[in-house]
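User: I am new to reading structures. Please take me through the terms, and show how each one is earned.

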Protein chains: 2
Amino acid sequence: MTPEEFRNNGYALIDWITDYIEGVEQFPVSNSALQPGAIRAALPARPPTTIESFDTVLRDLDTVIMPGLTHWQHPSFFAYFPSNSSYSSILAELATAGLGVQGMSWITSPACTEVETLMLDWMQELLGLPERFRSDSPTGGGVIHGSASEATLAAILAARWRATGGAVNSTGDTSKLVAYTTTQAHSSIEKGLRIAGIGVDRMRMVPIDATFAMRPDELQRMVEADLAAGLSPFFVCSSRGTTSSTAFDPTPAIAEICQTHGLWLHVDAAMSGIAALVPEFRWVNDGLEFADSYCTNPHKWMGINFDCDLFWTADRAALLGALSILPEYLRSQAAESGAALDYRDWQIPLGRRFRSLKLWFTLRCDGIEPVREMIREHVRLTQLLADWVQADSRFEIIAPHPLNLLCIRLRAGNEATDSLIDRANATGSALFTRTVLDGKSCLRFSIGARLTEQRHVAAGWALLQSLE
Amino acid sequence: MTPEEFRNNGYALIDWITDYIEGVEQFPVSNSALQPGAIRAALPARPPTTIESFDTVLRDLDTVIMPGLTHWQHPSFFAYFPSNSSYSSILAELATAGLGVQGMSWITSPACTEVETLMLDWMQELLGLPERFRSDSPTGGGVIHGSASEATLAAILAARWRATGGAVNSTGDTSKLVAYTTTQAHSSIEKGLRIAGIGVDRMRMVPIDATFAMRPDELQRMVEADLAAGLSPFFVCSSRGTTSSTAFDPTPAIAEICQTHGLWLHVDAAMSGIAALVPEFRWVNDGLEFADSYCTNPHKWMGINFDCDLFWTADRAALLGALSILPEYLRSQAAESGAALDYRDWQIPLGRRFRSLKLWFTLRCDGIEPVREMIREHVRLTQLLADWVQADSRFEIIAPHPLNLLCIRLRAGNEATDSLIDRANATGSALFTRTVLDGKSCLRFSIGARLTEQRHVAAGWALLQSLE
């Protein structure tokens, strides 16, 4: 593609994206009739031997790809979690690709590191996070990860390093280490622990209360039992907003236990932490002042396109101890003097692109007010929906719903609820996902798309009522 | 940002990127005078309270960010490794951001998974990789990872799972497992092993020969010694093109030892494997037919913008055994029937974007011929450079240079070589990195940028001659 072709194709693609987003509502949210393999079968089995025009590719996006997409930006997308994408962040992603620089070390493109550090400090301030997470604090700092899964793994590795006094790097011995979370924690906690050599035999699922939140008394009992058995409790993951139901663990009480026993406290607020941008929801941060690490995802509820997980730690020495390795071909004077941050030592991968532009563009061009308004509106709609559900005796609400997720079910039981979800999704006019809470199948009604208005929530609810 | 503003800002950004890439040669390759903290200091310490125009942000990219970039697309960028970015792949990244879909499971956007699977099969064919890596083979398959570091970690985890018959997921017991590679392997091998609970005490650095390649006789000796000591050898990483010097381990001989002892063979060809697109360089694949897993990076030498690492395994059951976890909120009928691939179980993170568009756009709009021509030309220039260096008695070549990297040094010694690198980089007219081979400091002259022509290589060499 020549530079002039790039210009023209680029304009065309910008138009195509604008039309897609502004017209996304016309698509079915998902294509539930699609059979596995159908999209692949519509494409050539073997690589092309002649080149094609960009117009042809754009046309295939419309005709072949579109019928195979689940539209996460659709206003009636009530499934999984919010994953909205602002126009500013889409442009930033384009700029990132166009610059094509690597930010693995400060020296490999200093601005890539420095803008990122500044964005993490800006976000610390906007979210009202503890000062000890700031990069200009004595022991803390933040970084952008690709996903909360990677952030969680980094937290586990830092905790593992600290608990073993660094010996794990040499011995690989994790045989005494015990970790604690709940059945409601995100699957990435189990995955991260498993990767780090903490098998399920040494993962404790702390019992939960009626709100699906961790019981600190049970945590304390389990930690003491493990200590008495000669094991080494080392890590607790406290969820601030679980994926299943937005349950909030009592993090302050958990933090006390962690402090008493020297456990690493990681707080996972991947889905809900961004709510702290809104002053009246800042309670989502409760207990964070005692956390060793924390993550939340602007690529969920802040309109920053995937991938953008913010990870902070109050103990960067442990993180660097766990993850830094310095071969000759990556040495630099700036890093060795301590003056510069090398973010490769803060993450699993080595390479990294200039992702902080997404925050920089969005905070400057849009500011934070549109996100605050959006979050407030999503929460208002969720509470309104709860009122509607409560007025229909066929349905019940299964869990607290302090923010933008409502877990509802049919009193008729699991089978009826599962069937309702399937039939609703088959219409293509809305999309819901399912979870199980306390043995009960539930429909998760997650309200988080940028384009969602009251009429979409009302239509989604009317659909459920009409199908039952 | 309104849709109309997005259109206009998007056109402006497309123009800005075209001008940047076409004019990148006018910039110093890097700004070696830049002090850590200078870029941050030029930006507001606190988040903005008013919104700004996109033009202002673009202007800041020019005035504040540009002086802080190391320009990886510059034709005189001879540092690290190639990281070139085609116009087609930049547009694909824009499309990915604009669609904003998640591909963690087949059901979360089927086309995202199916195009990716097809692209891996296309690339298997174009690279001439073993059939058993194909997704339509009985036990294999491929996936896009963000980086070779993640691919390596996935390989280690699959190997760990297979070696322990899956028990590691429960017990976390890695205490007997031993891994083998060389001092020349990429730092991500040590990092991945460390993460997986294989401390350096159980990482064997197999001695290397005069070409910096692994010695199979030494590997065999070490494996037998570990077996005799009651340990469990489980994993070998063989490099096809090391980062320091493009050394090629004798993978076929290594594979034999792996087969005899049931070790997982991972082949890391992150930097050089893409050379197999060119028929006369297909020898880079030697030994791959016995590998359990393999990775190479289109985001290095194929012009696909970061991030795009291709990872294949011949044993997907082990990979899934290591990495799959299925919470209720991610269940789907398509996945449970086995008809659909859920790529979340092939990688460390859960979330994933529609990265295969980068391959799809580029292979269709540009085809493979421009990449083949580019690779051939880079290799030709490297061999030409080698002739020039050999004709200057002040310099010597330290390692074989079968592809696009030449490691050279001053006969005057390490200090003189290090000083030459620093002084050359300080000019801003080219950028080199340093490595150490057999105790000797070397300048790595890596020829891999899309825009690099003979005149740039000649100028880089003239610079080195003039400074000495």
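Analyst: Start with contact: two residues are in contact if their C-beta atoms, placed from the backbone, lie within 7 Å. This is a predicted model, where local features need pLDDT of at least 70 and side-chain atom pairs count only at pLDDT 80 or more, while totals for chains, interfaces and linings use all residues. Residues are numbered from 1 along each chain as its sequence is written, and chains are lettered from A and ligands numbered from 1 in the order in which they are written.

User: How do you know that the copies meet through the same surface?

Analyst: Look at the interface residues of chain B. 100% of them are also interface residues in chain A, so the copies meet through the same surface. The contact takes 115 residues from chain A and 115 residues from chain B.

User: What makes the relation of the chains that of a two-fold axis?

Analyst: Two copies of a chain are related by a rotation about an axis and a shift along it. Here a turn of 180° and a shift of 0.0 Å along the axis lay chain B on chain A, with an RMSD of 0.0 Å. The superposition is by least squares on the C-alpha atoms of residues with pLDDT of at least 70 in both. That is the relation of a two-fold axis.

User: Why is H5(B) called oblique to H14(B)?

Analyst: Helix H5 (residues 110-127) of chain B and helix H14 (residues 357-365) of chain B pack at an angle of about 50°, with their axes 9 Å apart. Angles under 35 degrees count as roughly parallel, over 145 as roughly antiparallel, 65 to 115 as roughly perpendicular and the rest as oblique. The angle therefore makes H5(B) oblique to H14(B).

User: Which residues of H5(B) and H14(B) make the contact?

Analyst: H5(B) gives B:Val115, B:Met119, B:Trp122 and B:Met123. H14(B) gives B:Leu359, B:Trp360 and B:Leu363.

User: Why is A:Asp438 called exposed?

Analyst: A residue is exposed if 12 or fewer other C-beta atoms lie within 10 Å of its own, buried if 20 or more do, and partly exposed in between. A:Asp438 has 11, so it is exposed. A:Asp438 sits in the loop between strand E10 (433-437) and strand E11 (440-446) of chain A.

User: What is the phi of A:Asp438?

Analyst: Most residues other than glycine have a negative phi. A:Asp438 is not a glycine, yet its phi is positive, about 55°.

Conventions:
Axes fitted to C-alpha atoms, helices over the stretch in contact; angles between N-to-C directions. Helix = DSSP H or I, 4+ residues; strand = E, 2+ residues; numbered from the N terminus.
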